Each structure stands twice: as C-alpha cells, then as structure tokens.
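Here are my notes, set out as numbered points. Please read them with the structure open.

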Amino acid sequence: MKKNYFITLLLIFVSLITFSQTTLVAGDLVVIEMQGDTNDGFRFVPLVDLDAGTVVKFTDNGWTGTVLRSGEGTVLYTAPTGGITAGTNIRYTVGDMGDFSLDGGDINISSGGDQILVYQGNSSAPTFIFAAAGNSSEWQSGSNDSNQSDLPTGLTDGVNAVAAGAGAGSEAEFDNIYYNGITTGTKVALLAAVASDSNWVGDNTDGYTALTANFTITAPSTDPSLTIIAPSDGATIASTTSVAVTISLMNFNFSADNGSGMGDGSGDGYIKSTFETQGGSTEVTSFFSATLPNITVIPGSTYTLTLELVDNAGASLSTAVSDSTTFTIAFPCVLALDTISTSCDALTSGVDTYNGSITFTGGNTGITYTITAKDDMGNDVGTIGGDNPDASATGSITVTGIPEGTDVDIKVVGGTGSTCDFTRNFSSLVCKPFPVYESFDYTVGTDLIASTDWQDASTSSTANNIQVVAGTMGNPFNVGEFPNPVGAMVNLVGSGSDPYIGFNATSTGTLYASFIFSPTDISTMTDTTDGGYFVALAESGGSFRSRLYIRQTAADNTMYELGVSESGSATNFDTTLSYTPGEQTFIVMSYELATNEIKVWANPDPATFEGTPGTANLSHTSSSTAVDLGRFILRQDSTGETPSINFDELRIGTSWAQVTPKMATASVSRNNIEGFTTYPNPITDKKFTISSTSSSVKQVVIFNVLGKKVFSSSFSGEKKNIDVSGVNAGIYILKVTENGKTATKKLVIR
C-alpha cells in the first residue's frame with residue numbers, strides 16, 4: 001500500500017581505502033539526515049576522524065546495488081585532503097532526491113538481508129527508525145516520533161531502539177542510543193531528523209562534504225565498568241586547593257552505607273577510594289554514589305587516586321574493576337609583568353645603545369627569580385638591573401646598553417615554589433637624530449633593501465625589489481631656494497617589496513616628511529577610483545597611519561592628482577590640482593599626534609621654507625589614533641595601482657624647518673644658534689672645530705658653490721673637531737642645524 005506522508009529511504013555503505021571498520025558500542029552515535037525534494041541533501045556527523053581518500057557509497061540491497069534516489073545510480077564521494085574531524089556537522093547536497101514510499105515499488109525490501117535506513121519526514125520532532133535482518137514489515141521507531149501511528153507495526157523480531165535526551169528542534173544532541181535484541185555483527189544505521197537548519201558546515205556553494213564510516217553493532221556489555229574522567233592521568237593542574245572528580249560508571253547498582261562504611265546489601269556494593277599523596281599520607285574512603293566530592297589538594301604536590309568497585313563486604317569483584325589517575329597541582333605564579341618601555345641612550349648617525357624596562361607587581365614572596373636578556377641568536381645582551389622581584393614587591397626590571405638594531409627577549413623564570421615563566425620582547429629602537437636625511441646615494445643597480453637603513457616590510461611573494469637607479473631628478477625650485485638632489489635615486493613600480501626606513505619613534509608633537517617624486521608613466525593604472533598609495537607613515541610596530549594616494553585625473557587620464565587617508569582606500573583627493581607625469585613634485589606630509597590630523601603640501605611656497613608652513617593642499621583627520629610614528633614606507637601595491645615613480649631626497653623631522661631646508665648659498669653667514677662658533681677658517685690641516693653653548697645634537701652639512709652636498713655628519717655635545725680630509729680644497733658653505741635652528745657660514749679649505 002502507498003503511504004501519503006513523505007518518506008525518504010537511504011542505505012549507507014562506506015568503503016575506506018584502509019579497509020578498516022569502526023566498532024559502534026553502547027552510547028556511541030552517528031547522526032544522519034536525508035533531506036527531501038525541498039532541501040536535497042544528506043546531513044550527518046561522522047563518528048570518527050576520517051582520513052583523506054575515504055570513499056562514501058550510498059546504495060541499498062544489502063549494502064550494494066542501487067542508490068535510493070530516483071533516476072540515479074550509485075553515489076560515490078571521496079574525502080578531501082586533510083580529512084574530517086569526528087563530530088563535525090557535515091552536509092552534502094546531491095540534487096533532487098525525489099519522493100519515495102515504503103511500498104510504492106521504488107524500493108523492494110526483501111525479507112532477511114536488507115538493511116534500510118528510513119527517515120520519517122517530521123519537522124516538529126526528531127525520529128529514529130531502523131530495520132535489521134527480518135521481515136520487511138517489522139520496524140521499530142524511536143521514542144521521540146510524533147507520527148508513530150503512521151508507522152508499520154508487528155515487531156516480532158525483538159529489535160528495539162530507544163533515542164534518549166532529544167527534544168523538538170534539537171540538532172545532533174542525542175545523549176545515548178540504547179539497543180538490544182540485535183545479533184552482534186549486524187549492520188545498523190541510525191537516523192536523526194532535525195527541525196533546525198543551522199550549524200552545518202559545508203565546503204562550497206552548492207554542495208557539502210558527506211562523510212561517515214563503516215560501523216558494526218556489538219552487543220552492549222552487562223559487566224560493571226568504572227572510568228575516571230577527571231582529573232586525567234598525567235595532568236598538571238593550575239594552582240588550586242580543590243579538584244573535582246568525575247567518573248563514568250555502567251552496570252553497577254550502589255548499596256547504601258550500613259553505618260560502618262560498608263554496603264547494606266541493597267545493591268551490588270560501593271566504591272572504595274584510595275587517595276595517596278606522593279611522599280606523604282594515604283587516605284581510604286567509601287562512596288555510595290557516582291557523584292564524588294572534590295579533593296582537597298596542596299599546590300606543588302602530586303597525587304594518585306584509585307577507585308575500585310567492591311562488593312558489600314568491601315572485597316574486590318570476581319573480575320576486579322578499578323581505575324587510577326596520577327596528577328600534579330602546579331605551584332602558583334603571583335608575579336605579574338606589566339608595562340614595557342624603551343628609550344635611546346643617544347641619537348647619532350652611528351650605532352647607539354638603548355635601554356628597556358618592564359614594570360612588575362607581586363614580588364617579594366620568598367621566590368627567587370632568574371632573569372636573562374638574550375638576542376635572537378641566544379647571546380646575552382645588555383646589563384640587567386633595576387628592582388629585583390626577589391626582594392621588591394613592585395618595581396621595574398631594566399636592561400641597559402642594548403646595541404641599536406638588536407631585538408631582545410627578556411625571560412623571567414620563578415624558582416622553587418613558583419610556575420612563573422615569562423618571556424617579553426624589546427623591539428629594537430632606531431636611534432637616529434632628526435632630521436633624517438636620505439639621498440639614496442647607493443650603488444646604481446642594487447636593491448634598496450640591501451642598504452643598511454632599509455628593511456622590507458612586504459609579505460608579497462613577488463620580489464620586484466625597489467631599485468637604486470641613476471639620479472635624474474630635477475629641483476622643483478631655484479638652487480637658492482632648495483638644495484639640488486644629489487647622488488642616485490630609486491624607482492618603484494607595480495607590486496613587490498615595500499621597504500621602510502626606521503627612525504626614532506616619536507609619540508608627541510608633529511612629525512614631518514618631505515621628498516621629491518616624479519611619476520613617469522601612469523597609463524598602467526586601472527584603479528581610477530582611489531588609485532593606489534605609494535608612501536606611508538607608520539607606527540614603529542608597523543601599523544600604517546598616513547598614506548599618500550595617486551590616481552588619474554577623471555577629466556584627463558594623462559594627468560594625476562593626489563589624495564590622503566589613514567586607511568586602505570581614499571576619498572580625500574585634491575581635485576582642484578592636477579600634475580603632469582615626468583615633472584618633479586615636492587611633497588611635505590605631516591601628522592599631528594595630539595589630534596591625528598594629516599596634512600599634505602604639494603610644491604609649497606619656498607618662501608615658507610625653514611619658517612612657518614602655509615595652507616595645506618590636503619587635510620584629513622584620522623579616525624584611529626597613532627601610538628607613535630617610527631617608519632617611512634615606500635609602497636608597491638599592484639600593477640593597476642602603483643605606476644612607475646622616481647623618488648628622491650627624503651627628509652624626516654619634527655619641524656617644518658627640518659624638512660624644508662634652504663640652499664646654503666641663499667643664507668650665508670646667518671646664525672640662529674646661541675654661542676655658535678667655528679675655527680679655524682680658512683682650514684689648513686683638514687680639521688676644524690664647531691661649538692655652541694648647547695650639548696644638543698648638531699647636524700653638519702657642507703655644500704660646494706653649485707649646491708651639491710659634499711660632506712655630512714652629526715654629533716652631540718658643545719664642541720666637536722670635524723675631519724674634512726675627504727673634501728678637496730676650495731670654497732664651501734657650512735650649514736649647522738641644532739634644535740631646529742640654523743647657522744650658515746662660508747668655509748675655505750686649503
């Protein structure tokens with residue numbers, strides 16, 4: 001007879017490449033659902049971890065034959081690379097499932113041999129149905145079926161299945177499947193229908209991975225069993241004074257206490273607990289319930305807990321049943337490391353040293369700590385000092401004299417009575433004075449990142465390192481207004497490395513950067529909305545905080561315009577100005593750390609140089625806050641976003657004057673530095689002295705009469721002898737910068 005309710009039939013056979021089988025025992029669960037015409041798919045939870053290459057076969061007729069889908073043959077699926085972890089919710093969509101009925105002729109269930117998995121279509125509550133070897137009319141449903149009246153009756157073969165712990169709308173939350181009357185070795189499939197459609201994991205748009213494993217029913221054991229679930233054997237538990245005990249117990253009925261710690265005969269017996277402290281006492285206790293009290297423990301101790309099922313007289317069962325676990329309670333760690341800070345000892349063009357400190361609390365508890373400071377090669381570095389957590393409750397651990405350019409791992413390890421084991425890192429500081437000046441005067445044809453001051457911040461797999469090329473950059477200003485570019489320059493284009501130069505990280509005031517650049521070909525730019533950014537100011541840790549964008553001008557794609565943003569896209573473009581590729585443009589960028597305001601000047605009025613900036617071409621306030629600024633980055637994003645750009649004359653400083661120097665010949669014999677003197681002049685022995693009343697850093701530059709820089713140096717202190725033996729005899733201009741103030745003077749070398 002044909003049923004009117006919806007039924008989908010599924011029989012599952014799984015063939016593993018390893019030809020192994022998984023045994024399903026009492027309490028195990030495989031959850032499977034076969035959807036009808038509406039959802040078209042299988043959904044289930046694999047019982048075990050499945051190796052890559054597992055083959056899944058969906059058939060009927062004794063686990064071989066025709067698949068239970070109208071108009072389809074056998075469905076095979078091979079597990080993907082990486083396999084699937086047991087317990088993962090999986091779905092596999094296979095197309096139109098069609099409608100099936102028990103007796104409609106689509107499926108012929110023969111007597112004795114077929115194992116058919118049946119899903120009773122019911123959205124309100126989960127249903128379990130299965131058939132083992134026997135008559136086709138002999139079916140048993142799960143206890144949660146709300147449509148049991150529609151199911152066949154006549155259960156004469158003893159098959160019995162009960163689903164426990166599920167409710168309407170549950171999804172794969174059945175605690176146990178109990179069964180009896182099935183001969184060991186019989187293949188049985190279990191099915192769960194669910195109301196919820198969430199929490200299922202798939203691997204593509206139209207289909208999901210379908211995986212399960214061969215399993216064979218074994219008859220449930222009637223023998224008593226006892227397993228300690230927690231604490232697990234060999235575990236080290238975080239410092240505590242109380243540990244919970246959890247056990248799994250089957251086929252054992254507890255007696256009550258007869259008043260003397262033994263069973264009263266009302267059940268099989270009780271649990272005898274032996275709790276041993278290694279190197280200490282042993283405690284034996286009787287328990288008359290599977291719920292055991294917490295164990296009182298002492299940090300730093302190791303314990304062994306043994307639980308045994310015994311009869312009412314306290315004797316072991318005929319076949320002894322026990323389990324044991326050994327665990328350790330860790331010592332506490334009361335020390336806490338807090339704020340890390342670093343600072344340079346000096347700011348010079350050479351290799352300086354820096355210091356670092358870590359604040360702590362929770363010291364002076366009788367614990368002895370070992371503190372080490374090592375570089376990335378494992379060598380000791382710097383001098384450890386400051387407050388000692390052995391004797392100080394709070395304070396700062398310091399490491400002094402760390403060479404610039406060296407990252408340091410600080411390790412603090414507690415001795416006896418402590419599990420403290422901390423590792424903290426001091427990231428190397430860049431200890432250079434402002435202004436930082438980069439003329440790119442390196443060997444033509446080399447990679448920029450091969451130079452000492454530049455590193456690659458890119459994770460791009462495309463090399464395309466920025467190259468040092470012959471200097472062809474012109475001066476956007478008159479030689480008297482701004483120094484001519486000197487030496488080589490660099491070229492960036494397309495995607496590839498993103499080198500950066502570090503500088504002394506600053507977290508207050510305003511940071512400025514200036515440079516000359518010239519796009520040579522913008523025709524490759526395909527992103528005409530926000531183009532691409534080619535330079536960025538970043539925190540010392542690498543986070544980008546200000547990006548300068550370039551894009552083709554909408555009205556004329558042979559021209560370009562500039563925009564600024566802190567993010568990966570830009571809308572703040574200056575559409576009132578367009579620039580011509582091939583021409584040199586002088587840019588000044590600034591970032592105000594107090595307000596997070598970003599400004600850009602393009603070809604500013606040279607009358608403002610070394611003075612006060614005029615109105616910026618672009619202004620934008622960042623929505624995020626910069627912790628500090630410590631990197632200048634050249635960015636190669638992609639072919640469609642980064643055109644061919646020549647780049648030169650980079651200056652970074654903390655004032656407008658530091659990044660907008662005037663040509664020395666335009667201000668000979670000017671002195672704004674207090675107490676500035678230089679002698680002798682003329683210079684006859686290739687040495688002369690510079691002094692002032694301040695010990696601040698002094699930047700020394702010598703130009704020839706054509707405006708080309710021939711010498712540069714810097715020093716800290718009130719006085720310094722300068723060696724110019726590498727400079728030819730002639731007439732020069734000396735320029736000294738100190739704290740943003742400048743002194744210039746004609747210099748004669750004989």
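1. Leaving aside its neighbours within four places in sequence, which residues is Asp648 in contact with? The model is predicted. In it, the contacts of Asp648 are Ser439, Phe440, Met473, Pro485, Val486, Ala488, Met489, Phe515 and Ile516, with neighbours within four places in sequence left out.

2. Asp648 belongs to strand β44. Asp648 is buried, yet no salt bridge is found for it. Arg651 is the nearest side chain of opposite charge, and it is 8.1 Å away. This residue deserves a look in the viewer.

3. Two of the contacts of Asp648, Phe440 and Phe515, also belong to an aromatic cluster. The other members of that cluster are Trp454, Phe517, Phe534, Tyr560, Tyr579, Phe632 and Phe647.

4. On aromatic pairs, the whole structure holds 26. Tyr533 and Phe544 form one that is edge-to-face. Their ring centres are 6.1 Å apart, with 90° between the planes. Tyr533 is in strand β37 (residues 532–538) and Phe544 is in strand β38 (residues 544–553), so this pair ties together parts 11 residues apart in sequence. Tyr533 counts as buried because its relative accessibility is 6%.

5. Phe632 and Phe647 form a tilted pair, because their planes meet at 40° with the ring centres 6.2 Å apart. Phe632 sits in strand β43 (residues 629–634) and Phe647 in strand β44 (residues 644–653), so the pair ties together parts that are 15 residues apart in sequence. Phe632 is buried, at 0% relative accessible area. Phe647 is buried too, with a relative accessible area of 0%.

6. Now for charges over rings. Arg547 lies over the face of Tyr533, 4.9 Å from the ring centre. Tyr533 is also the residue that pairs with Phe544. For Arg551, the charged end sits over the ring of Phe573, at 3.9 Å from its centre.

7. Why is strand β46 (residues 687–691) described as largely enclosed by the rest of the structure? Four of its five residues are buried, so the description follows.

8. Strand β46 also has pairing partners. Strand β45 (residues 677–679) runs antiparallel to β46, and three bridges join them. Strand β49 (residues 719–723) pairs with β46 over five bridges, again in the antiparallel sense. Ser691 of β46 is the bridge partner of Thr677. Ser691 also stands opposite Lys719 in β49.

Terms used:
Residues numbered from 1 in each chain as written. Predicted model: local features only at pLDDT ≥ 70, side-chain atom pairs only at ≥ 80, totals over all residues. Heavy atoms only, no water. Phe/Tyr/Trp six-rings, centres within 6.5 Å; stacked < 30°, edge-to-face > 60°. Helix = DSSP H or I, 4+ residues; strand = E, 2+ residues; numbered from the N terminus. Buried < 20%, exposed > 50% of the residue type's maximum accessible area, 1.4 Å probe, protein only. Lys NZ or Arg CZ within 6 Å of the ring centre and 35° of its normal. Lys, Arg positive; Asp, Glu negative; His and termini not counted. Salt bridge = Lys/Arg side-chain N within 4 Å of Asp/Glu carboxyl O. Contact = heavy atoms within 4.5 Å. Pairing = 2+ DSSP bridges.
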